[in-house]
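Open your viewer and keep the selection tool handy. We will take a short walk from one side chain to its helix, and then over to a sheet.

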Amino acid sequence: MNETKVFRDPIYGYVKIRDELIWKLVQTKEFQRLRRIHQLGGTSMVFHTAEHSRFSHSLGVYEIARRIVYEVESVSNTLTDEERLITLCAALLHDLGHGPYSHTFESVFATNHEQFTIAIITGDTEVHAVLESYQPGFSNKVARTINGECYQGECHDAACHHHIMGHIISSQLDADRLDYLQRDAYNTGATYGEVDQDRILRSMVVVDNQLAFKYSSMHAIENYLVSRYHMYWQVYYHPVSVSHEILLSKIFHRVMDLMDQGYPFPHDLTAIRMLKEGAIDLETYLELDEVWVNYHIKEWTKASDSILSDLSERFINRRLYKYLSCRSENELQEAYEIFSQVYQKYGIDPNYYLQQDTISKEAYQFYNEHVLHHSPILLYYDQRLVEIAELSHIVRGIKDVGAKTDYKLYYAKEWIETMEITDKERLQDLIERYQ
């Protein structure tokens, strides 16, 4: 382009666009749709300023990728002009397929945002038209890169430098993670996600056609891994945020159950019926955003079905479920059975007002040749490539400790005060034990 287009950004100062193709992609309706999908779903129920969108995140991933492919000399010298542009397009478009309230939506309807991302890029869309107008077949090159494949098609060479392009966008230390950690930390006000991004990018090198980092950056990478671990437990897995997601899931499940019962919904829910049947077309899917979901949930507060109206009212007015923190799977199951028994006595359906939740998370996924996308973080040390776990005491310690697992029971609290004294005391004793 004749001039550089810029987006003001609180993380990077400016997001810079110099390629006309990138600018045209930003203008497409499929990319603009990401403005209507929050990056963190229900996390704003905890951190009230976490209102940023998939749109801003996608621009951020693009900006980090742009800096890598143009400013990291080792990478820039390895990739051709075309390969750099493919990488930038893949970075910009990597989240196109997310649905409203992304991960909850995927869990309920068994969708896969990555598959929809590829469908948008290769299907009958504005994004596809823009990519193909640049070069016939270009959309497939971008799609393959997002999938972690060689953009040229069949490739059986593990050391092919084209895989660098995919690793810039999706690996254990990539543009995607670097952006969401910093952006989410900024917008939540949390300090856990602070990362020495400049140090990490400056240390990037290409060795034997693989993306690696100089040994001197090991401590910055250790900090990145620990920061990411803390962000998961303090922000992404915050129990209030999880409670919001559970409530949304219960609403969707109630709607589908009512559909099976022939409930007369006053509004057109063709999209949900198609999702329920696993047969939604791309055009209908792209109509879905959080504006659509929130409108229907607000309407459902007036539903004649008492469970749907109650769940919807809870969602709209932030009357979330409370939770117990158990120490083991057995304790969680025991607590669930006690609550379920008492709730059913009072006509409270445990399918909608109780939820067991077990979360397990590692700070770093150690290399496993049998697990796809578990590429290791490689350090260039003593003229050879070494997985970071072999050199870092901190990462070895993470490996020895293993994954942290959290066991929680989420429950609707309001009815407990109205129960008979023996049932009330039974549940309150349980609550006090696991608070």
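Which side chain of opposite charge is nearest to the buried Glu83, and how far away is it? Select Arg84: it is 7.3 Å from Glu83, which has no salt bridge. Here a salt bridge needs a side-chain nitrogen of Lys or Arg within 4 Å of a carboxyl oxygen of Asp or Glu, and buried means under 20% relative accessible area with a 1.4 Å probe, protein chains only.

A word on the model: it is predicted, local features need pLDDT of at least 70, side-chain atom pairs count only at pLDDT 80 or more, and totals for chains, interfaces and linings use all residues. Residues are numbered from 1 along each chain as its sequence is written, and side-chain values use heavy atoms, leaving out hydrogens and water.

Next, add Tyr151 to the selection. Its side chain joins that of Glu83 in a polar contact of 3.0 Å.

Now widen the view to helix α5, residues 81-93, where Glu83 lies. Helices here are DSSP runs of H or I with at least four residues, and strands are runs of E with at least two. Of the 13 residues in α5, 11 are buried, among them Arg84, Leu88 and Cys89. The end C-alpha atoms of α5 are 19 Å apart, which agrees with the 18 Å that 13 residues should span at 1.5 Å a residue; the expected span is 1.5 Å times one less than the number of residues.

Finally, select 378-381, strand β7, which four bridges join to the antiparallel β8. Within that pair, Leu378 has Glu387 as its bridge partner.

Terms used:
Pairing = 2+ DSSP bridges. Buried < 20%, exposed > 50% of the residue type's maximum accessible area, 1.4 Å probe, protein only. Lys, Arg positive; Asp, Glu negative; His and termini not counted. Polar contact = N/O pair within 3.5 Å; in protein donor to acceptor, adjacent residues only side chain to side chain.
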